[in-house]
Amino acid sequence: VCKIKHKLKKTSSIDSLEEFLLFSNETGVKNGRAEAIKGVLPTKDIKRQVKSMTIDANEQTSDGYYCKRLDSIWNELEGDVVIMGGYRGSKLVDRKTGKKLWIPIKAGFNMSSIDLLIGPTDKDEQDAVKKVKSSGMLTHVGPVDVSRKLIRKLASNPKVHITDFGYDWRVSLSISAEQLKDYLTTIYNKQKEKKGIYIIAHSMGGLVAHKVLQEYTHLVRGIIYVGSPSQCPNIIGPFRFGDEVMYNKTLLSKENNFFMRSSFHFCPNDGRCFIDKNTYERYDINFFDPAVWKKLGLSPCVSDKRKKISENKKLSKKILDKGSSSVSNNPLLKSLNNTTKFVFGNVPVVKKVVRDDQPIKWKEVEMENEDEFRISYEDSVKYLERTLKRTKEYLDSLDYRPNKEYPPLAIVYGNKVPTVRGCKVNGVKDIQDGQYGDFYYGPGDGVVHYKWLLPERRGFPVVCKVASQTGHVSLMTDLDAIAKAFISVVDAEKETAERRKAHFMG
């Protein structure tokens with residue numbers, strides 16, 4: 001285990017067997033909020049300030065950066081910097097009334113009555129864009145810092161113009177990318193020297209920024225991807241069961257999560273999530289095939305089980321509309337057996353057919369209630385088919401293009417926190433039954449596994465990969481890690497400029 005940890009410290013990769021050995025005793029993920037709150041304490045900053053006063057000019061970090069430059073890089077920077085958050089990392093407000101729709105603490109304690117559901121059609125999504133806007137990035141959640149310290153550090157340099165970009169993290173990332181492009185274009189057009197903009201993108205923000213990089217490369221001076229995933233199977237649980245925000249269990253229900261277009265961009269492109277708990281055989285599945293979602297019930301909104309319930313509800317309504325109470329006079333009942341299940345009105349019921357012309361008897365049974373869903377099964381399926389296709393197209397467009405010249409790209413990531421890599425199941429039936437509770441772990445930041453990183457998994461060369469011990473939520477508070485990324489980006493810029501100058505002169 002010590003050898004494996006040493007490999008990670010050197011930012012080397014470890015194989016799946018080594019991951020199992022390293023995290024064989026893990027039974028749960030560390031409390032992310034508790035870990036983040038620890039970072040609020042000033043102890044680390046005080047120690048670092050004291051050390052910086054006595055540090056040797058030639059002293060280097062274990063990954064090769066001069067310690068003195070971790071401080072001086074903040075004064076070397078100049079120009080425009082845009083910082084952006086990830087999934088649920090932007091504040092949302094009603095455009096018309098200004099009412100705050102998403103501030104996690106208020107939402108979690110049910111201090112605001114809001115509805116985050118977006119309907120299934122394109123018009124529903126367009127209406128959501130017209131009605132809701134972001135008022136900026138969530139720089140902190142209560143005492144937990146997300147980016148406040150980093151923003152203050154950058155803002156202390158008068159040569160740097162730092163702004164944050166917020167976006168509605170529920171809608172398609174193509175919409176958010178277009179909005180970011182417009183935002184960057186406004187800044188770019190004001191630049192006297194057209195250098196472009198540095199972007200610091202956390203988590204899902206990297207997926208948005210990367211799309212702009214692909215299509216409008218001239219706007220981007222460099223990107224620091226902070227815990228940005230190319231995939232993240234953690235989303236499979238919220239799709240099936242919903243998610244909880246502190247004490248609020250309805251705000252991010254399974255239906256709400258399903259109709260957040262952005263959620264699908266986390267689906268594993270390689271199909272890896274489930275393994276057999278006895279044989280360790282992988283059950284690779286195509287998360288972009290609607291038939292798989294229906295068969296395996298990845299969301300109850302489109303499961304085969306719900307389809308049967310929906311069909312039975314319609315059939316029971318037809319039966320009642322006929323106004324008959326006996327089998328002999330009601331042809332709809334003649335083909336049914338004694339165990340056919342129905343839903344009548346808002347009450348789950350079972351229909352018992354009596355074949356001797358006796359009145360039909362109804363009794364309640366425990367059964368999933370179709371009326372818990374606001375969107376019909378048919379509309380949910382159409383939405384899924386459309387959304388999976390568009391999401392796959394978006395993700396495929398993020399691959400490296402050898403014919404393009406890209407600005408320097410850097411990665412800040414975690415590899416010390418146990419991170420869910422997938423689920424151990426007892427056969428395919430466990431997947432269908434939603435038995436997702438037996439996790440297996442690998443190194444990461446608690447959310448993103450260290451091998452899922454964007455843009456590396458899309459084939460892009462990067463100027464550096466900086467490992468951090470910080471958890472996902474607070475990765476941007478690791479100022480040393482961000483400083484290292486900026487050092488590599490700035491130095492790569494200088495090298496490119498010198499190379500171009502030499503080519504021009506020679």
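A crossing of two helices is called left-handed if the near helix is turned anticlockwise from the far one by less than a right angle, and right-handed if clockwise. The exercises below use a predicted model.

**Exercise 1.** Describe the packing of helix 9 against helix 10: at what angle do the axes cross, and is the crossing left-handed or right-handed?

Solution.
- Step 1. Locate the elements: helix 9 covers residues 173-190 and helix 10 covers residues 204-215.
- Step 2. Their axes come within 8 Å and cross at roughly 65 degrees.
- Step 3. The crossing of helix 9 and helix 10 is right-handed.
- Step 4. List the contact. Helix 9 brings Leu 173, Ser 176, Ala 177, Leu 180, Lys 181 and Leu 184, and these meet Met 204, Leu 207, Val 208, Ala 209, Lys 211 and Val 212 of helix 10.
- Step 5. Sorted by class, this contact of helix 9 with helix 10 has 9 nonpolar, 1 polar and 2 charged residues.

**Exercise 2.** Classify the orientation of helix 5 relative to helix 17, and give the composition of their contact.

Solution.
- Step 1. The axes of helix 5 (residues 67-76) and helix 17 (residues 479-505) come within 9 Å, crossing at roughly 60 degrees.
- Step 2. Angles under 35 degrees count as roughly parallel, over 145 as roughly antiparallel and 65 to 115 as roughly perpendicular, with the rest oblique. Helix 5 and helix 17 are therefore oblique to each other.
- Step 3. The crossing of helix 5 with helix 17 is left-handed.
- Step 4. On the side of helix 5, the contact is made by Arg 69, Leu 70, Ile 73, Trp 74 and Glu 76. Helix 17 contributes residues including Leu 479, Ile 482, Phe 486, Val 490 and Lys 494.
- Step 5. The residues of this contact between helix 5 and helix 17 comprise 9 nonpolar, no polar and 6 charged.

**Exercise 3.** Which strands stand at the edges of the sheet with the order 7-1-8-9-17-20, and which helices pack on its strands?

Solution.
- Step 1. The sheet is open, has 6 strands and shows parallel pairing.
- Step 2. Strand 7 (160-165) and strand 20 (464-468) each have a single partner strand, so they stand at the edges with one side left without a neighbour in the sheet.
- Step 3. From one strand to the next, the twist averages 20 degrees.
- Step 4. Take one pair: strand 1 (residues 79-84) and strand 7 run parallel and are joined by 6 bridges. Within this pair, Gly 79 stands opposite Val 160.
- Step 5. Add the helices. Helix 9 lies across strand 1, strand 7 and strand 8 (197-202), and runs at about 160 degrees to strand 7. Helix 17 touches strand 8, strand 9 (220-226), strand 17 (409-414) and strand 20, and its direction makes about 175 degrees with that of strand 20.

**Exercise 4.** Where does Gly 86 lie, and is Gly 86 buried or exposed?

Solution.
- Step 1. Gly 86 lies in the loop between strand 1 and strand 2 (90-94).
- Step 2. The relative accessible area of Gly 86 is 3%. Buried means under 20%, so the class follows from the value: Gly 86 is buried.
- Step 3. Leaving aside residues up to four places away in sequence, Gly 86 touches Tyr 167, Trp 169, His 202, Ser 203, Met 204 and Gly 205.
- Step 4. Tyr 167 is 81 residues from Gly 86 along the chain, yet their C-alpha atoms are separated by 9.1 Å.
- Step 5. Link back to Exercise 1: Met 204 is also among the helix 10 residues that meet helix 9.

Definitions and conventions
Residues are numbered from 1 along each chain as its sequence is written. This is a predicted model: local features need pLDDT of at least 70, side-chain atom pairs count only at pLDDT 80 or more; totals for chains, interfaces and linings use all residues. Side-chain values use heavy atoms; hydrogens and water are left out. Axes are lines fitted to C-alpha atoms, for helices over the stretch in contact, and angles run from 0 to 180 degrees between N-to-C directions. Helices (H or I, at least four residues) and strands (E, at least two) are DSSP runs, numbered from the N terminus. Contact means heavy atoms within 4.5 Å. Ala, Val, Leu, Ile, Met, Phe, Trp, Tyr, Cys and Pro count as nonpolar, Asp, Glu, Lys and Arg as charged, and the others, Gly among them, as polar. Two strands pair if DSSP finds at least two bridges between them. Buried means under 20% relative accessible area, exposed over 50%, partly exposed in between (1.4 Å probe, protein chains only).
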